[in-house]
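Please bring up the model beside its sequence, and we will walk through it together. A viewer that lets you pick single residues will be handy.

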Amino acid sequence: REQAGRRAETAAALWLQLKGYRILDRRARTPAGEIDLVAMRGSILAFVEVKARARREAALEAVTPELRKRVERAAHMWAGRRRGMELKNWRFDVVAIAPGRLPEHLREAWRPDK
């Protein structure tokens with residue numbers, strides 16, 4: 001399972017790089033949790049959750065409200081440790097990986113609750 005997750009993250013990172021993103025961090029660990037990928041394109045700082053499932057729909061369903069909150073908290077901690085990152089335009093994305101399909105990048109998959 002660990003290996004499958006790493007492969008999915010590698011595929012997602014490559015896909016994002018092909019789309020012009022620069023990968024700033026992979027498996028970014030913070031006290032609040034882990035962020036699969038942190039990517040940047042222009043002034044956009046994208047915190048990316050990667051989900052690999054047998055079906056695209058199942059991958060999207062795996063991004064639960066609890067997971068979103070954890071990623072949001074981790075993003076604040078990650079950016080707080082890096083000068084200038086808190087000033088960027090943040091976005092929370094998902095890359096869904098399903099067998100036999102190209103990765104699907106959902107930009108701004110969710111917005112943080114205020």
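The paragraphs below go from the overall fold to strand pairing, then to the cores and the salt bridges.

Keep in mind from the start that this is a predicted model. Its secondary structure comes to three helices and five strands, and if you read along the sequence, the order is α-β-β-β-α-α-β-β. The radius of gyration is 13 Å, close to the 13 Å that the globule rule gives for 114 residues, so the protein is as compact as a globular protein of that length. Along the principal axes, the C-alpha trace spans about 40 × 30 × 25 Å. Of the 114 residues, 41% are buried. If you like contact maps, here is a number for yours: among contacts with a separation of 6 or more, 51% are between residues 24 or more positions apart.

A good place to step inside is strand β4, which covers residues 89-97. Is this strand mostly covered or mostly open? It is mostly covered, with seven of its nine residues buried. β4 has a pairing partner in strand β3 (residues 44-52), and the two run in the parallel sense over nine bridges. To find this pairing on screen, look for alanine 52, which stands opposite isoleucine 97 of β4. β4 also pairs with strand β5 (residues 104-110), this time in the antiparallel sense and over four bridges. Here valine 94 has leucine 106 in β5 as its bridge partner. β4 and β5 form a hairpin with six residues between them. In the turn you will find glycine 100, whose phi is positive, at about 75°.

Back in β3, have a look at lysine 51. Its relative accessibility is 14%, and because the cut-off for buried is under 20%, lysine 51 counts as buried. What surrounds this lysine? Leaving out residues up to four places away in sequence, lysine 51 touches Ala59, Ala62, Val63, Leu67, Val95, Ala96 and Ile97. The side chain of lysine 51 also makes a polar contact with the side chain of glutamate 49, at 3.4 Å.

Now to the nonpolar interior. The largest nonpolar core has 17 residues, and those with the most contacts inside it are Ile35, Val38, Leu45, Phe47, Trp78, Phe92 and Trp110. Two or more residues of this core come from each of β2 (33-41), β3, α3 and β4. Which element gives the most? That is α3, with six residues. Valine 38 is a nice residue to select and inspect. Once its neighbours within four places in sequence are set aside, valine 38 is in contact with Arg22, Ile23, Leu24, Asp25, Ala28, Leu45, Ala46, Phe47 and Trp78. Apart from the largest core lies another, of 13 residues, and Ala13, Tyr21, Ala46 and Val50 are among them.

Charged pairs complete the tour. Side chains of opposite charge can pair when their charged atoms come close. In this model the count comes to nine salt bridges. One of them joins the side chains of glutamate 9 and arginine 27, with 2.7 Å from N to O. Glutamate 9 lies in helix α1 (residues 2-18) and arginine 27 in strand β1 (residues 22-30), so the pair ties together parts that are 18 residues apart in sequence. Both glutamate 9 and arginine 27 are buried.

Another salt bridge links glutamate 72 and lysine 69, at 3.8 Å from N to O. Why are these two about one helical turn apart? Because they are three residues apart in helix α3 (residues 65-80). The two ends of this pair have their own surroundings: glutamate 72 is buried, with a relative accessible area of 9%, whereas lysine 69 is partly exposed at 33%.

Finally, glutamate 57 forms a salt bridge with arginine 55, where the closest N and O atoms are 3.5 Å apart. Here glutamate 57 is partly exposed, with a relative accessible area of 37%, and arginine 55 counts as partly exposed too, at 47% relative accessibility.

How values were computed
Residues numbered from 1 in each chain as written. Predicted model: local features only at pLDDT ≥ 70, side-chain atom pairs only at ≥ 80, totals over all residues. Heavy atoms only, no water. Buried < 20%, exposed > 50% of the residue type's maximum accessible area, 1.4 Å probe, protein only. Pairing = 2+ DSSP bridges. Polar contact = N/O pair within 3.5 Å; in protein donor to acceptor, adjacent residues only side chain to side chain. Contact = heavy atoms within 4.5 Å. Salt bridge = Lys/Arg side-chain N within 4 Å of Asp/Glu carboxyl O. Core = buried A, V, L, I, M, F, W, Y, C linked by side-chain atoms within 4.5 Å. Rg over C-alpha atoms; globule rule 2.2 N^0.38 Å.
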